[in-house]
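Thanks for coming. I will go through a few strands and then one helix, so please keep the structure open while I talk.

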Amino acid sequence: MGNGGALLYLLAEILAQGAAGGPLAPEEALRSFQLEPGLRIELVACEPLVVDPVALAFDERGRLYAAENRDYPTGPGAGMPPGGRIALLEDLDGDGRFEKRTDFAAGLTFPNGLLPWKGGLLVTCAPDLLYLKDADGDGRADTRQVLLTGFSTGGSTQLRASHPTLGPDGWIYLTSGLTGGKVVCPDRPERPALETREDVRFHPETLECEAAGGGGQFGLTFDDFGRRFVCYNRVQVQHVVLSPRALKRNPYLAFSETLQDCPDLEANPLLRGGGGAARLYPISANITTADSHVGTFTAACGVLIYRGVALPEEYRGCAFSCDPTGNLVHYDRLDPDGATFAARRVRDKVEFLASRDDWFRPVFLGNGPDGALYVCDIYRKTIEHPDYLPEEIRKRADFESGKGLGRIYRVTGEKIGAGARVKSPAPQGAAIDELVLGLEHPEGWQRDAAFRLLVERRDKTAIPLLKAALKKPLSAASMAAALFALEVLDGLEEEIIRKAMESKVPQVREVAARLCEPYLSSSGKLARLARTRDVYARVRFQCALALGSASGELAVACLSQIAARDANDRWIRAAVLSSAGGREGELLEQLLRSPDLSRPGFLLLLAELGKMVGTRAQDADLAGALRKLLEMSAPAEGSCRIALLNGFASSARGRGEGSGLASLAGAGAGPQLEAMLEQAMAQAADAKEAVPLRINAISFLAHASPEKVLPALLALLDSKEPAELRIAAVRALGELKDAGAARELLVPERWKAYPPPLRNAALAAVLSHEVHLPGLLQAVEDGTVPAGAVEAARRGQLLQHQKESIRRRAEKLFKSPGPGDRRKVYEEYKPVLALKPAPANGREVFKRLCAQCHRLDREGVPVGPDLFDIRSQPKESILLHLLVPEYEMLPGFTGYLVQTRDGRSLTGLISSETPASITLRQAQGIEETILRQNIASLVSSNLSLMPQELEKSMTHQELADLLAYLKGES
């Protein structure tokens, strides 16, 4: 048995037998925990009272509901009914431990999220969002109503909509589970389905449903000031910075991102280069099947902003996340970072909560009425889903042990008395004044319960009480809750917003800025109070978004002030541009008066403004718009004019208007454009200039006539130039609609000298325009470019090309072998498994052939699937995936073919999208955002984006070396 086989056998044995014996009794499990100093952990419920808990929620009476995922991971046995249940637990004697259980609901598939609502319970149980209610008081749900349905069930049970959570706007938010769905409301059949992969929100009264941005896997939480955070298995906390609504209002803005990964790149070196995960320090004997991820997050879930007072003050406002494969709970401090936040580890090499018990599987965290942090432990021997395990391990893994077990813990500070009773702040029948008073409570859960009951009742008599409360010396969190409640009840007034804007607490000013948008359009006075010069970036960000509703010169001046200060922050830049719709020219005039316009962020801002001006202009007005831009920008520094005109030209080209600037030169702008072109060529070639300025100039050259700029761009391919600059030059060459560009790019001497990233960029460039295809086909025919370098989706395009000459040449080169033929290749290459490998050389092969789209051992770029389980797979399986890329296509990695109106052809993964644009992620992590109005066609492909015939790019020995490296052999 070789090293790889031995490792596979060992791993299978560990999963089959357990690394540290059987399950621990609850009291024994308590002794296995290691907590940070000054903390206490207590058991509040365990089997048989609760089984397989994956979510919990307390109602206003202090009763605890637990969602039991008894059929995880694969469902009930053949012929068996669904086993999922909702348990209702009660603490009858006030000792802090629950004694009574009632089956509130049974017969559910995979219930995974709970929210008390109007005396009942909202439950996520894909494909449905259910409303369950006990009508006769026996603790069992008599009412079962499907409010929404259509959430995806196509992936594993780990990928489902979850976490129904009431937001500060009175809408209820759900995570997408990374899969989304096609959501409909059975009671509103006339409404169109909402098809989305993003998180969603719905109005609890009207059941109106819409995309909410972000895309959490299993975790959703709000902080005291209404900011939303989610997570997915490799990133423990993500901030939803923008909503699709904010981006949708400006259809000419090519920006589709809404989500920021928060883990700090500088504090966590493993994250540098993207695709990594924060460092973890487990104390258990468990190993993860994701061997290459040992010591990092592999199953981050249950993200929670802690908002109680039972833990020491230092933990309040921190982001907590579970990692069940590491048997621990981690936390990070959230530090403001411009418009978003950076998550930073507080204590080195120590976790908030870790266990030596390999069966401890925390999956959900909650704030409790008593201020404690509650932890749901599904308590399983094997937590991995079989879908993510290699076949050999799947056969031996024990997915049954632990079914019928489960624990719920609470964590507090040591100074908090053990067994404190869970108190209810506001019984269901509490008077409105009691609920308003509840918003002043120091505990986040208590404020949330009072807020929820106010939203449920929508009693207008609360409005004067809330206004009176705001005159008190409230905490910032209570003031935010009162402001949000007034907004939901339609009780906000301009004077209340104005006073909140003047608060000494920046978070209160931020909430006020968020809520002021409806008043800006009718109040010049309030527009003058907009905090455009606030010292807190989040306030400026919210003001920029709110100013989208303000009109007049003052609003434009305010946007200009924010943009001039925060152009380097991409989120604030997007907020400004979102609000600038319809007045791009006025904003541009203001901005061009600002000092220090050559900052990289400012150049990006100007390029986007130029693009918006060109996109908005009617076809007949393009020449006039160009003349106006040239006139307006005449006093500006050269790099600024180049950026501005580059954006304008991109818009003209995007809508199919000739070759960008060249097609407009007859508008009397020729001499000015020629002068700018000369300046751009000089700046691009000047090694003393900053790289961002040179790249700005190179992008501009792509809009010029090929005969003018081809030599200058080819000169920038020199190996002495920085890598990012060479890639920019290749992309610019690809934009030139001249057959000579492809021929020059693929000259054998050049191609041989290109490093892998540049080869990928060159292929993408020549495949992007029809004019380059003959040059590419010639290079493949000559043997310069391997046929296998052209991925399957691209081959399909060429084989079905509308031009017969291209189609016939492609048929000779790429007449693709079917799956059976590729399996034959796999059988032919099996002898490489017997060769003695050199793993160190395999790493070099990986960097040359794979790192442009995959990441392993902190090498490479995460475009395709993260190789999280590669080292637990047998070599035969790895070889199969290398040689037959279509053998298995993972969910979420569907490739797309995009044809643009200007004739470009692009392939990649859709990394984000809004109603106005999509962002396509291509090899080397290069992203391009395309307005939907500039897309001629968008088609998903069932073919892999991996290169075909990869075996032809290496020798048999190199393939053996690569397999050994992927296996982690030494």
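Start with Phe58, which stands opposite Leu64 in β4. Keep in mind that this is a predicted model. Phe58 closes strand β3, which covers residues 53–58. β3 and β4, residues 64–68, run antiparallel and are joined by 5 bridges.

Now widen the view. Which strands form the open sheet, and in what order? There are 4 of them, ordered β3-β4-β5-β6, and the pairing is antiparallel. At the edges stand β3 and β6, the latter being residues 100–108; each has a single partner strand, so one side of each has no neighbour in the sheet. From one strand to the next, the twist averages 20°.

Next, further along the chain, look at β8, residues 120–125, and β9, residues 128–133. These two pair in the antiparallel sense over 6 bridges. The connection between β8 and β9 is a hairpin of 2 residues. Within this pair, Val123 has Leu130 of β9 as its bridge partner. β9 also pairs with β10, residues 143–151, again antiparallel and over 6 bridges. There, Leu129 stands opposite Leu148 in β10.

Last, the helix. Which residues of α7, residues 462–469, are buried? They are Ala462, Ile463, Leu466 and Ala469. These residues lie on the same side of α7, because they cover an arc of only 120° around the axis. As a reminder, an α-helix has 3.6 residues a turn, so residues three or four places apart point the same way. What do the buried residues of α7 pack against? The answer is α5 (432–438), α6 (444–457) and α8 (476–488).

How values were computed: Residues are numbered from 1 along each chain as its sequence is written. This is a predicted model: local features need pLDDT of at least 70, side-chain atom pairs count only at pLDDT 80 or more; totals for chains, interfaces and linings use all residues. Side-chain values use heavy atoms; hydrogens and water are left out. Buried means under 20% relative accessible area, exposed over 50%, partly exposed in between (1.4 Å probe, protein chains only). The arc is that of the directions from the helix axis to the C-beta atoms. Contact means heavy atoms within 4.5 Å. Two strands pair if DSSP finds at least two bridges between them. Axes are lines fitted to C-alpha atoms, for helices over the stretch in contact, and angles run from 0 to 180 degrees between N-to-C directions.
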